[in-house]
Amino acid sequence: MLNQTVYFCRNSIMRNTHLLISKTRNYAQVSNTKNVPDSNINLMRNRLIYQSRKRGTLENCIIFTTFADRYLKTFDQAQLQKYDALINSRFDEWELYAWAIGSKPAPQEFDNEIMSLLKNHINRNYSNKK
């Protein structure tokens, strides 16, 4: 499931019916990434920044927007792919929120440096300071 990202598209030939098209992305082979031109990395970074701002819950909008503003500028291709896999996963927004704040353990596929950075970001910026 993680290796597939689902896209919805509109096909005008079929009288504007929505079709479900599956496009395969292999996130498991992150270490074998080729040298991607800077414009493609910037395009991916900008897409992820936008997707971080447009989440399904206000809590995630705030958390992921501030995280993206702080860290995505410095991420390399492999880190961007891991972040992409996380925020565009098959899991719902409340599960992402629970993993990020640490109330539920993240699945092994997402328990990586990006999740650690996200948890540290939340603890540093949103924990109750007394």
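Contact here means heavy atoms within 4.5 Å. By that yardstick, Thr 57 touches Glu 93 and Trp 94, leaving out residues up to four places away in sequence. The model is a predicted one, and Thr 57 is a handy way into it. This threonine sits in the loop between helix H1 (38-53) and H2. Thr 57 is also buried, as its relative accessible area is 9% and the cut-off for burial is under 20%. Both of its listed partners, Glu 93 and Trp 94, turn up again on the H4 side of the contact between H2 and H4.

Stepping back to the whole chain, the secondary structure amounts to 5 helices and 2 strands. Reading from the N terminus, the order is β-β-α-α-α-α-α. The chain has 130 residues, of which 35% are buried. As for contacts between residues at least 6 apart in sequence, 52% of them link residues at least 24 apart.

Now to the helix pairs. Two packed helices are described by the angle between their axes and the distance between the axes. For helix H2 (residues 58-71) and helix H4 (residues 93-101), the axes come within 10 Å and the crossing angle is roughly 50°. H2 is therefore oblique to H4, and the crossing is left-handed. On the H2 side, the residues involved are Glu 59, Asn 60, Ile 63 and Phe 64, and they meet Glu 93, Trp 94, Leu 96 and Tyr 97 of H4. Sorted by class, this contact has 5 nonpolar, 1 polar and 2 charged residues.

H2 has another partner in helix H3 (residues 77-87), where the axes come within 13 Å and cross at roughly 170°. That angle is over 145, so the two helices count as roughly antiparallel. Here Phe 64, Phe 67 and Ala 68 of H2 pack against Tyr 83, Leu 86 and Ile 87 of H3. The make-up of this contact is 6 nonpolar residues, with no polar and no charged ones. Phe 64 thus serves H2 in its contact with H4 as well as in its contact with H3.

H3 itself is mostly covered, with 9 of its 11 residues buried. Nonpolar residues feature in that buried set, among them Leu 80, Tyr 83, Ala 85, Leu 86 and Ile 87, but so do Gln 77, Gln 79, Gln 81 and Asp 84.

Within H3, Leu 86 deserves a closer look. Its relative accessible area is 3%, which means that Leu 86 is buried. Setting aside neighbours within four places in sequence, Leu 86 contacts Phe 64, Leu 96, Trp 99, Phe 110, Ile 114, Met 115 and Leu 118. Phe 64 belongs to H2 and Leu 96 to H4, while Ile 114, Met 115 and Leu 118 fall in the range of helix H5 (113-126). Asp 111 is 25 residues from Leu 86 in sequence, and their C-alpha atoms are 9.8 Å apart in space.

That brings up the interior. In soluble globular proteins, nonpolar side chains tend to be buried together. The largest nonpolar core in this model has 26 residues, and those touching the most other members are Phe 67, Leu 72, Phe 75, Tyr 83, Leu 86, Trp 99 and Leu 118. H1, H2, H3, H4 and H5 are the elements that give two or more residues to this core. Among the residues with the most core partners, Phe 67, Tyr 83 and Leu 86 also take part in the contact between H2 and H3.

Definitions and conventions: Residues numbered from 1 in each chain as written. Predicted model: local features only at pLDDT ≥ 70, side-chain atom pairs only at ≥ 80, totals over all residues. Heavy atoms only, no water. Axes fitted to C-alpha atoms, helices over the stretch in contact; angles between N-to-C directions. Helix = DSSP H or I, 4+ residues; strand = E, 2+ residues; numbered from the N terminus. Parallel < 35°, antiparallel > 145°, perpendicular 65-115°, else oblique. Left-handed = near helix turned anticlockwise from the far one by under 90°. Buried < 20%, exposed > 50% of the residue type's maximum accessible area, 1.4 Å probe, protein only. Core = buried A, V, L, I, M, F, W, Y, C linked by side-chain atoms within 4.5 Å.
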